[in-house]
Amino acid sequence: MNARAVRAGLAVLLLALAPAFAAPAAASDDRTLFVAGNVEFLLIHELGHLVISEFGVPVFGPEEVAADYIAVAALLRQKQAGGERGDRARAYLFAAAEALNASWQRGQDAGADVPYWGAHALNIQRFYQIGCLVYGSDPVAYADLPARIGLPPARAEGCPAEYARAARSFAWLLETYGRPDGPPTGHQIEIEYGATRSRVQQDLLDELRALGSIEFTVGRVNSLFPLKAPARLVMRNCGRPEAAWQGATRELVICYELLDTFYRLHGRVQHLEPGAPAARSGR
Ligand SMILES: [Zn+2]
């Protein structure tokens, strides 16, 4: 594992602390969307690392924060395009936020060490970053979101401008490094699914593949960014729940253990979408 893989592993360390507990009574569709949303968020986050390293994209501040902003901006862009995929993108964003909040709460309840020194922002900070950008993208539709998640008015006030900057930066990324109109000129990312190790993993993988989000997202990157060499998205068991872009081998690895982690974590999430009961804030 290279340094980035280790850092990515740390990102999900708190998630890994979620213990195995009995399956909740929630609808499996809801849980599938939750798992799919979190896999999608991690996938776009890691594709963000891939694009940043492939093209030497200049980044101010931690690359981990930039990768999160890329993931949120990409999903908000899909959401705004509307339709079924737009609805799903919105559900995925909330799923990612809910997982970060739940994993933080889980770590707090367990008395886990807080990695203040980490390359990533703390999970609870990543949760608020997503909340702020979602609110900022549509302050009217999400008028009650800041109060629901405990985002103070003074911070919420700046979120529309923060969202506008993120959307502008994402558009710049596409314009600057994206493929001009015309036939594809770059190499592609191939997808490889390794063997699963449990019924739960296989069922979740089948459901994810039926949704088609992974193929859609990788297809978008293939059509937008002319890569300099072939790359692979490899989904497999790794021995720990992590996701990482490994530049040396040009592999973006998403470990199946993450499916187990999100499957279990779903039992303790507090739903944040409008209409759901108020969340327990992370303060
Ligand atoms: Zn990362």
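Two residues are in contact if their C-beta atoms, placed from the backbone, lie within 7 Å. By that criterion, and leaving aside its neighbours within four places in sequence, Val72 is in contact with Leu93, Ile130, Leu133 and Ala166. The model in which these contacts are found is a predicted one.

**The chain as a whole**

The secondary structure of the chain comes to 12 helices and four strands. Of its 283 residues, 42% count as buried. Among the contacts in the chain with a separation of 6 or more, 71% are accounted for by residues that lie 24 or more positions apart.

**The nonpolar core and helix 4**

Val72 also has a place in the largest nonpolar core, which has 72 residues and in which Val72, Leu75, Leu93, Ala96, Leu133, Ile254 and Leu258 touch the most other members. Helix 3, which covers residues 28-55, gives the most to this core, with 12 residues.

Helix 4, made up of residues 63-81, is mostly covered, since 14 of its 19 residues are buried. Its length can be checked against expectation: at 1.5 Å a residue the 19 residues should span 27 Å, and because the end C-alpha atoms are 27 Å apart, the two values agree. Helix 5, with 28 residues, can be set beside helix 4 in the same way, its reach of 41 Å from first to last C-alpha being close to the 40 Å expected.

| Helix | Residues | End-to-end C-alpha distance | Expected span |
|---|---|---|---|
| Helix 4 | 63-81 | 27 Å | 27 Å |
| Helix 5 | 83-110 | 41 Å | 40 Å |

Each of these helices is followed by a glycine with a positive phi: just after helix 4, Gly82 takes a value of about 80°, and just after helix 5, Gly111 takes a value of about 70°.

Two packed helices are described by the angle between their axes and the distance between the axes. Helix 4 packs against helix 9 (residues 159-177) at an angle of about 90°, with the axes 9 Å apart. Angles of 65 to 115 degrees count as roughly perpendicular, and helix 4 is therefore described as roughly perpendicular to helix 9. Where the two meet, helix 4 contributes Tyr69, Ile70, Val72, Ala73, Ala74 and Arg77, while helix 9 contributes Ala166, Ala167 and Phe170.

**The sheet**

The four strands of an open sheet are arranged in the order 1-2-4-3, with mixed pairing. Strand 1 (189-193) and strand 3 (243-246) are the edge strands, each of which pairs on one side only. From one strand to the next, the twist averages 15°. Strand 1 runs parallel to strand 2 (residues 231-236), and five bridges join them; the bridge partner of Tyr193 in strand 2 is Met235.

**Helix 11 and the loop that follows**

Ser223 has its place in helix 11, and because 13 C-beta neighbours lie inside 10 Å of it, Ser223 counts as partly exposed. Although Ser223 and Gln188 are 35 residues apart in sequence, their C-alpha atoms are 8.4 Å apart in space.

Pro226 is found in the loop between helix 11 (213-224) and strand 2. With 17 C-beta neighbours inside 10 Å, Pro226 counts as partly exposed. The C-alpha atoms of Pro226 and His187 are separated by 6.2 Å, while the two residues are 39 residues apart along the chain. Leaving aside its neighbours within four places in sequence, Pro226 is in contact with Arg179, Thr185 and Gly186.

Methods
Residues numbered from 1 in each chain as written. Predicted model: local features only at pLDDT ≥ 70, side-chain atom pairs only at ≥ 80, totals over all residues. Expected span 1.5 Å × (residues − 1). Buried ≥ 20, exposed ≤ 12 C-beta atoms within 10 Å, placed from the backbone. Pairing = 2+ DSSP bridges. Axes fitted to C-alpha atoms, helices over the stretch in contact; angles between N-to-C directions. Core = buried A, V, L, I, M, F, W, Y, C linked by C-beta atoms within 7 Å. Parallel < 35°, antiparallel > 145°, perpendicular 65-115°, else oblique.
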